[in-house]
Amino acid sequence: MQQKLNLYNTLTRKKEEFEPLHAPFVGMYVCGPTVYGEPHLGHARSAVTFDVLYRYLRYQGYKVRYVRNITDVGHLENDADEGEDKIQKKAKLEHLEPMEVVQHYTNIYHQEMAKLNVLSPDIEPRASGHIIEQIQMIEEILANGLAYEVNGSVYFDVPAYNREHNYGKLSGRVIEDLLSNTRETEGQGEKRSPLDFALWKKAAPTHIMRWPSPWGDGFPGWHLECSAMSRKYLGTTFDIHGGGLDLMFPHHECEIAQSQASNSHTDAARYWVHNNMITVNGQKMGKSLGNFINLSELFSGSHQMLEQAYSPMTIRFFILQAHYRSTLDFSNEALQAARKGYTKLMNGLHVLAKLQHMEQAGMADEKLNEELLKLSEDCYRGLNDDLNTARTIAGLFNLLKKINSLYLGQLNIGAVAKETLDTVRKTYQELVLDVLGLQEEQPADVEQMLALVLGFYKEAKETKDYSKVDLIRAQLKQQGIVIKDLKTGIDWAYEE
């Protein structure tokens, strides 16, 4: 496979060929969840997007160190420097220690990600476990003259940084416009500029989550953790930084500034990759709008907006059927279509397994072999073109049409070279299972059970016991399985 992976770099506003800093090693950091509530569809989109990128990089032979953090301190209610810590607020409401809240929702996040077949990162650091590294980074920024201390809090000096650099280069914002649109907020009096952001916040007497520092007891600002932890585990400069588009400003913009201010003005991440948001029937998803859907509600069908329960693999396919940089609109109709698409791909795996027993020598059809190889190659073009899983899925469906035609005898399998069939099989199986991360949701022994049932079905047909034939068909259909009477024999498929 000669194709090269190209990724859209938010920092440069263009697709760039991916060239690791220290090939074959790749360092990838992705912003993980703030664990104060159950994971939702938005969490799933980011996790699945970067899971596929992680899988594909490894598939291409890279040795990837994937770091995805857990935010367990410092994320205030308005994502800036005012309001209460989200986790501390939840702890008060539920009469728990903050770390009980953190552990509870971290466990749930892991469980839901496992259902979606999202691979665990290689390192999953927590903000609260890296206070020393964050204090060290603050001291470096202070020493470089790009931060200042006020009453036990430390703020990043955005205008001072912007004199030599470009605060806003990731998001495309202009500092003068930001200043003119900024309103006075709580705690603003401590800051020299309304754009300055907290590196360290002095803890109020009632604040539970607090640590000693050179400036007094307090806690780190939300933006700081990712800069400190990415540097610790991936180095001063690394390959990929990912996250949701909603994090681009201010979170990722502040990360860039912090890293440059502490690392002698060196850019941290070389490729910035952002997945787009999820809407619900065309509206932004949000708790205040009543259209906020947790993953547990999707899997159980318990949310009022849902017409039925949707399996984890249906949700995963739903996410993958759209390009990660496009808006993904949730609806029951879209999820039902996703279930059919997922089922079709799974049926393809079943047919491929059957094809293995049908291979036979014959006169090679050069045109057919070339067509099958081209279709196989096309499946990779989407992934290499900025991880376009939608295009890859379309390519797999095109390949599947030929696979089904070979199985049904509409094309002569004897005219296909063994090497060609091996390529088709490898492409389809590895992309579906290993790269897209889809998997069978039926029990592992479903093939054995169905073989037994189809034996009874065949016997009923031969004895013309049509009431039993209809009964077996109906019972299997209730389980989402369709019996197919083919010229080559009796077979089954998942209902699409």
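**Notes on the two sheets and their neighbours**

1. A good place to start is a single rung of a ladder: Ile 240 has Tyr 271 of β10 as its bridge partner. Strand β9 (residues 238-244) and β10 run parallel, joined by six bridges. Please keep in mind while browsing that this is a predicted model.

2. Now the sheet around that rung. β4, β3, β9 and β10 follow one another in this order in an open sheet of four strands, with parallel pairing. The edges are held by β4 (63-68) and β10 (269-275); each has a single partner strand, so one side of each is left without a neighbour in the sheet. From one strand to the next, the twist averages 20°.

3. What lies across β9 and β10? That is helix α8, which runs at about 160° to β9. With angles over 145 degrees counted as roughly antiparallel, the helix and β9 fall in that class.

4. Helix α8 (residues 248-262) also packs against helix α7 (residues 224-234), at an angle of about 55° and with the axes 8 Å apart. The two helices are therefore oblique to each other. As for handedness, α7 passes α8 in a right-handed crossing. On the α7 side the contact is made by Leu 224, Cys 226, Ser 227 and Arg 231, and on the α8 side by His 251, Glu 255, Gln 258, Ser 259 and Ser 262. By character, the residues of this contact comprise two nonpolar, five polar and two charged.

5. While you are at α8, have a look at its proline. Pro 250 lies in this helix, and the peptide bond that joins Phe 249 to Pro 250 is cis, with omega about 5°. I would be glad to have your eye on this spot.

6. Where is the cis bond from Ala 23 to Pro 24 placed in the fold? Pro 24 is found in the loop between β2 (14-17) and β3 (25-30). Omega of the bond from Ala 23 to Pro 24 is near 10°. Strand β3, at one end of that loop, belongs to the parallel sheet of point 2.

7. The loop between β1 (6-9) and β2 holds another backbone detail, at Arg 13. Phi of Arg 13 is positive, near 60°, in a residue other than glycine.

8. Turning to rings, a search of the whole structure gives ten aromatic pairs. One of them is Tyr 54 with Tyr 66: the ring centres are 4.9 Å apart and the planes stand at 55°, so the pair is tilted. This pair links distant parts of the chain, with Tyr 54 in helix α1 (residues 41-59) and Tyr 66 in strand β4, twelve residues apart. Strand β4 has come up before, as an edge of the parallel sheet.

9. Finally, there is an open sheet with antiparallel pairing, whose four strands have the order β5-β6-β7-β8. Which strands stand at its edges? They are β5 (147-150) and β8 (218-220), each with a single partner strand, so one side of each is left without a neighbour in the sheet. The average twist from one strand to the next is 20°.

10. Within this antiparallel sheet, β6 (residues 153-156) and β7 (residues 197-202) pair over three bridges. For a handy landmark, go to Val 154, whose bridge partner in β7 is Trp 200.

Technical notes:
Residues numbered from 1 in each chain as written. Predicted model: local features only at pLDDT ≥ 70, side-chain atom pairs only at ≥ 80, totals over all residues. Heavy atoms only, no water. Axes fitted to C-alpha atoms, helices over the stretch in contact; angles between N-to-C directions. Parallel < 35°, antiparallel > 145°, perpendicular 65-115°, else oblique. Left-handed = near helix turned anticlockwise from the far one by under 90°. Contact = heavy atoms within 4.5 Å. Nonpolar A, V, L, I, M, F, W, Y, C, P; charged D, E, K, R; others polar. Pairing = 2+ DSSP bridges. Phe/Tyr/Trp six-rings, centres within 6.5 Å; stacked < 30°, edge-to-face > 60°.
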